[in-house]
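Here are a few exercises to work through with the viewer open. Try each task before reading its solution.

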Amino acid sequence: MNHQHCGHHDHQGHDHTGHDHHGHGQTGHEQHAHDKPAVVVTTPATPAAAGQWTCPMHPEILRDGPGSCPICGMALEPVMVSAEAGEDAEFIDMRRRFRWSVVLTLPVVLIVMAEMLPGMPLQATVSPRLLQVLQLLLSSPVVLWAGWPFFQRGWQSVQYRSPNMFTLIAMGVGVAWLYSVIAVLVPDLFPLAFRGHGGHVGVYFEAAAVIVTLVLLGQVLELGARSRTGAAIRALLGLAPKTARRIAADGGEQDVALAEVQVGDRLRIRPGEKVPVDGAVVEGASSVDESMISGEPLPVMKSAGDTVIGGTINTTGTLVMQADRVGGDTLLSQIVHMVAAAQRSRAPIQKLADVVSAWFVPAVVIVAILTALAWGSFGPEPRLAYAIVNAVAVLIIACPCALGLATPMSIMVAAGRGATEGVLFRNAEAIEVLRQVDTLIVDKTGTLTEGKPKLTFVMATAEFTEEEMLRLAASLERASEHPLAEAIVRGVEERGIELAGVTGFDSLTGKGVSGSVDGRRVAIGNRHIISDAGVGALEALAESRRGEGETVVYISIDNRAAGLIGVSDPIKPSTPEAIQALHEEGLRIVMLTGDSRTTAEVVAKKLGIDQVIAEVLPDAKAATVRKFRADGHIVAMAGDGINDAPALAEAQVGIAMGSGTDVAMESAGITLVKGDLRGITRARRLSRATMKNIRQNLFFAFVYNALGVPVAAGILYPFTGMLLSPMLAAAAMSMSSVSVIANALRLRHAKT
């Protein structure tokens, strides 16, 4: 946010006439960072979030407990991760099913493999009929118990008319197992052409059992990977202490659970303890480690009046604070909500995978039917056996689980990675679009600058010493609430100058403020407060300081010119490097500010900003963003204030400074926790890496299916005599999912 001061602060040579009750006015262009309203507007967590479960691919699905998505069959996950959460119940269940499947499937596979040994020693000692019954007994628990969730999800997909990977798995496994059961229990139903050596009908229990086992393996790997993406959230949640030490009205102290802390409570923070919630220090002084928010390694000194943030660490002294924001309103909670929402959101590119899946599954079922008909009509004997086996192979190898995982896995990993870099993505769309941005619009105050005016220049006339002039001026300014007055008072106090009391404080319309300090008449404001001839000598110096981007005020003592004080909002140390890096990225950078053109152009010239749009009213910022979009630009907007929120929402990608207001963060697609524009460069690199990763995943999934289905259907058989067994098809299908997961996890180490 930027400012244009009126009244006694003559800003860049403009004589403004507006004033407030103490002579400090605002033109209405923008609020200054220090003029933020005392009531902080926050957007609470979605009411549906508490204790609910959702699908990462279909966030519109909400359930009161764990289960599977009726659309895609994917396991639901909690809307909000909790710090205490142990292993996911779904993950534990699938892992148990997988372990038992391995134990029961291994003997079945060994029985079948024994047929390939010279002389078939097992078949020679045990009757084929007994071996088939043994396979039936071992594989049935695998199919009917371990694989039961797949049949449930397959049936759900039919009920909801939403075919998915579980439709194909249920059909493939069900057909192979049922065919084999009938072959064992009532072999006489099959014609002689179905019988092999010894007159027994061939069975495919091992195919059904191995398919279930491999799909379970894929589920275990997927659920494990998804639980790891929540590690970033759990790490953030772990920053908050479990209890707070509350001070009662009678002075007594008691440790209470964090959830019991209310707004207005007084809390004691002892050395080494974490700050429990957001609030302000009311007693004591100490240095606080704020690295979790700012990234700065050096602790920050805190004393009465300073704000403290929940999760930061009190290092040396004891502080008493008043709780201002608790529960879901704290900055830490908002960060957690943003990361969770980003990890669940879907990129627009996901729609492509959804459309393909919707057409793909019915197409595979048709191909499987055609495969069965072709082998049943034209294949070698036993034709029906070949027809069933190849149709099952088509159904299994075509499972689009890799397709379904391709986008969500990359988005989830990228959102977690961004959080560790101090870049919070609110949604997947921000990740996808950021790499395409060609124009970055930035606010000035609080975004390019620190947003905290500082005393930067002092000049006293020959009649007064600097110290005397500063003492009298700051004593008068202490009676004012204006941000520039605050900057002057703070700057003088830092120099160790003690201030005096003020009597007769008055505002001078269109000029500034005046009052008596130690019996001397002091006035501060624009050049009209100085009536003597001394103003001429000061004006040239004041103008040169304005050229440096400073706001200059005149000091009059006993109606004589006493000197000048310059206040400026310093550029953040990281900003020049950030602007250079963004230019190297090919971005056009536009400064959009409510501040005066003179000040804005000084800052823009120092930083090498391409275009300046100054003196813009807050409600016109969004219109400016719309104009850039209408001209065909893909726009990102970076700001930190309440007045920036509409423009942040209007841009294709809104970028909020973590040091700014909650409303700005809620309106933006990306929040830079450290308030450092260099984060945009990191976020862009992560955006490019993520979209490249998603394209690789989709390529793996599409190409794998495009090649696998014809091979499973038997297209190579006339030329090579090769057929793809359902077991190999299941292994290939699982490896496809594993390759997508492994590729997505590479983003954790992407260079940003």
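**Exercise 1: a hairpin**

Which residue in E5 stands opposite Ile247?

Solution. Bear in mind that this is a predicted model.
- Step 1: Find strand E4, residues 243-247, and strand E5, residues 253-257.
- Step 2: Follow the pairing, which is antiparallel and runs over five bridges.
- Step 3: Read off the partner: Glu253 in E5 stands opposite Ile247. Another pair to look up is Ala244 with Val256 in E5.
- Step 4: Now look at the connection. E4 and E5 form a hairpin with five residues between them, and Gly251 in the turn has a positive phi of about 95°.

**Exercise 2: the sheet around the hairpin**

Work out the strand order of the sheet that holds E4 and E5, and find its edges.

Solution.
- Step 1: Trace the neighbours across the sheet. Six strands make up an open sheet with antiparallel pairing, in the order E5-E4-E6-E12-E7-E10.
- Step 2: Look at the two ends. E5 and E10 (307-308) each have a single partner strand, so each has one side without a neighbour in the sheet.

**Exercise 3: two helix pairs**

Describe how H3 packs with H4, then do likewise for H11 and H22.

Solution.
- Step 1: Start with the geometry, as two packed helices are described by the angle between their axes and the distance between the axes.
- Step 2: For H3 (residues 128-146) and H4 (residues 148-159), the axes come within 5 Å and cross at roughly 45°. That angle makes H3 oblique to H4.
- Step 3: List the contacts. Val143, Leu144, Trp145 and Ala146 in H3 meet Trp148, Pro149 and Phe151 in H4. By class, the residues of this contact are seven nonpolar, no polar and no charged.
- Step 4: Turn to H11 (residues 383-397) and H22 (residues 678-713), whose axes are 8 Å apart at an angle of about 170°. Angles over 145 degrees count as roughly antiparallel, and H11 and H22 are therefore roughly antiparallel to each other.
- Step 5: On the H11 side, Asn390, Ala393, Val394 and Ile397 take part; they meet Tyr704, Asn705, Gly708, Val709, Ala712 and Ala713 in H22. Here the count is seven nonpolar, three polar and no charged.

**Exercise 4: one serine**

Is Ser157 buried or exposed?

Solution.
- Step 1: Locate Ser157 in helix H4.
- Step 2: Take its relative accessible area, 2%. Buried means under 20%, so Ser157 is buried.
- Step 3: Check its surroundings. Leaving aside residues up to four places away in sequence, Ser157 touches Pro70, Ser162, Pro163, Asn164 and Thr167.

Note on methods
Residues are numbered from 1 along each chain as its sequence is written. This is a predicted model: local features need pLDDT of at least 70, side-chain atom pairs count only at pLDDT 80 or more; totals for chains, interfaces and linings use all residues. Side-chain values use heavy atoms; hydrogens and water are left out. Axes are lines fitted to C-alpha atoms, for helices over the stretch in contact, and angles run from 0 to 180 degrees between N-to-C directions. Helices (H or I, at least four residues) and strands (E, at least two) are DSSP runs, numbered from the N terminus. Angles under 35 degrees count as roughly parallel, over 145 as roughly antiparallel, 65 to 115 as roughly perpendicular and the rest as oblique. Contact means heavy atoms within 4.5 Å. Ala, Val, Leu, Ile, Met, Phe, Trp, Tyr, Cys and Pro count as nonpolar, Asp, Glu, Lys and Arg as charged, and the others, Gly among them, as polar. Two strands pair if DSSP finds at least two bridges between them. Buried means under 20% relative accessible area, exposed over 50%, partly exposed in between (1.4 Å probe, protein chains only).
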